[in-house]
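Please look over the model shown here and follow the report alongside it. The text takes up the pocket, the sheet, the disulfide and a few single residues.

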Amino acid sequence: MRTVAEPSGLVWICLELPERPGAPAQAKVEVECNSGAERVTIAVERGWDSAMADGALLGAIHAQIGR
């Protein structure tokens with residue numbers, strides 16, 4: 001789990017979703033991010049929770065919700 005804040009103060013809570021049993025291993029994982037008002041699922045590289053910069057994570061969130 002990881003939180004990331006927008007400059008406006010809006011905070012997103014992101015949590016990696018479990019992989020589906022029997023599914024082949026993939027380079028990307030699904031992450032659900034929730035701001036309380038909006039919810040989005042993004043696909044990001046493994047290790048996102050420690051290696052992905054806040055700006056990149058926010059960019060992925062915004063791209064998925066069309067901002």
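Which residues line the largest pocket? This is a predicted model, and every value below is computed from it. The lining consists of Leu-17, Pro-18, Glu-19, Arg-20, Ala-23, Pro-24, Gln-26, Lys-28, Val-29, Glu-30 and Arg-46. The space inside is about 260 Å³. By class, five lining residues are nonpolar, one is polar and five are charged. Lys-28, Val-29 and Glu-30 are among the lining residues, and strand 3 covers residues 28–34.

**The sheet**

Four strands make up an open sheet. Their order is 1-2-3-4, with antiparallel pairing. Strand 1 and strand 4 (39–45) are the edge strands; each has a single partner strand, so one side of each lacks a neighbour in the sheet. On average, neighbouring strands are turned by 30° against each other, direction ignored. Strands of a sheet pair through backbone hydrogen bonds, either parallel or antiparallel.

Strand 1 (residues 2–5) pairs with strand 2 in the antiparallel sense, over four bridges. These two strands form a hairpin, with five residues between them. Gly-9 sits in the turn and has a positive phi of about 105°. Strand 2 and strand 3 also pair in the antiparallel sense, over four bridges.

Some of the residue pairings are listed here.

| Residue | Opposite residue | Strand of the opposite residue |
|---|---|---|
| Val-4 | Trp-12 | strand 2 |
| Ala-5 | Val-11 | strand 2 |
| Ile-13 | Asn-34 | strand 3 |

**The disulfide**

How many disulfides does the structure hold? It holds one. Cys-14 is joined to Cys-33, with an S to S distance of 2.2 Å. The link ties distant parts of the chain: Cys-14 belongs to strand 2 (residues 11–16) and Cys-33 to strand 3 (residues 28–34), 19 residues apart.

Why is the disulfide of Cys-14 and Cys-33 right-handed? The torsion about its S-S bond is about 115°, so the disulfide takes that hand.

Are the two cysteines buried or exposed? Buried means under 20% relative accessible area. Cys-14 has a relative accessible area of 0%, so Cys-14 is buried. Cys-33 is at 0% relative accessibility, so Cys-33 counts as buried. The disulfide therefore joins two buried residues.

**Two partly exposed residues**

Where is Glu-38 placed? Glu-38 lies in the loop between strand 3 and strand 4. Its relative accessibility is 30%, so Glu-38 counts as partly exposed. That class falls between the 20% and 50% cut-offs. Glu-38 and Trp-12 are 26 residues apart in sequence. In space, their C-alpha atoms are 9.0 Å apart. Trp-12 is the bridge partner of Val-4, so the table above includes this residue too.

Ala-56 lies in helix 2 (residues 54–65). Its relative accessibility is 40%, so Ala-56 counts as partly exposed. Ala-56 and Arg-2 are 54 residues apart along the chain. Their C-alpha atoms are separated by 13 Å. Strand 1 covers residues 2–5, and strand 1 is an edge strand of the sheet.

Technical notes:
Residues numbered from 1 in each chain as written. Predicted model: local features only at pLDDT ≥ 70, side-chain atom pairs only at ≥ 80, totals over all residues. Heavy atoms only, no water. 1 Å grid on protein atoms, 1.4 Å probe; cavity = no way out; pocket = protein on both sides within 12 Å on 5 of 7 lines; lining within 4 Å. Points joined across faces, edges and corners; volume = space filled by probe spheres on them. Nonpolar A, V, L, I, M, F, W, Y, C, P; charged D, E, K, R; others polar. Disulfide = S-S within 2.5 Å. Buried < 20%, exposed > 50% of the residue type's maximum accessible area, 1.4 Å probe, protein only. Pairing = 2+ DSSP bridges. Axes fitted to C-alpha atoms, helices over the stretch in contact; angles between N-to-C directions.
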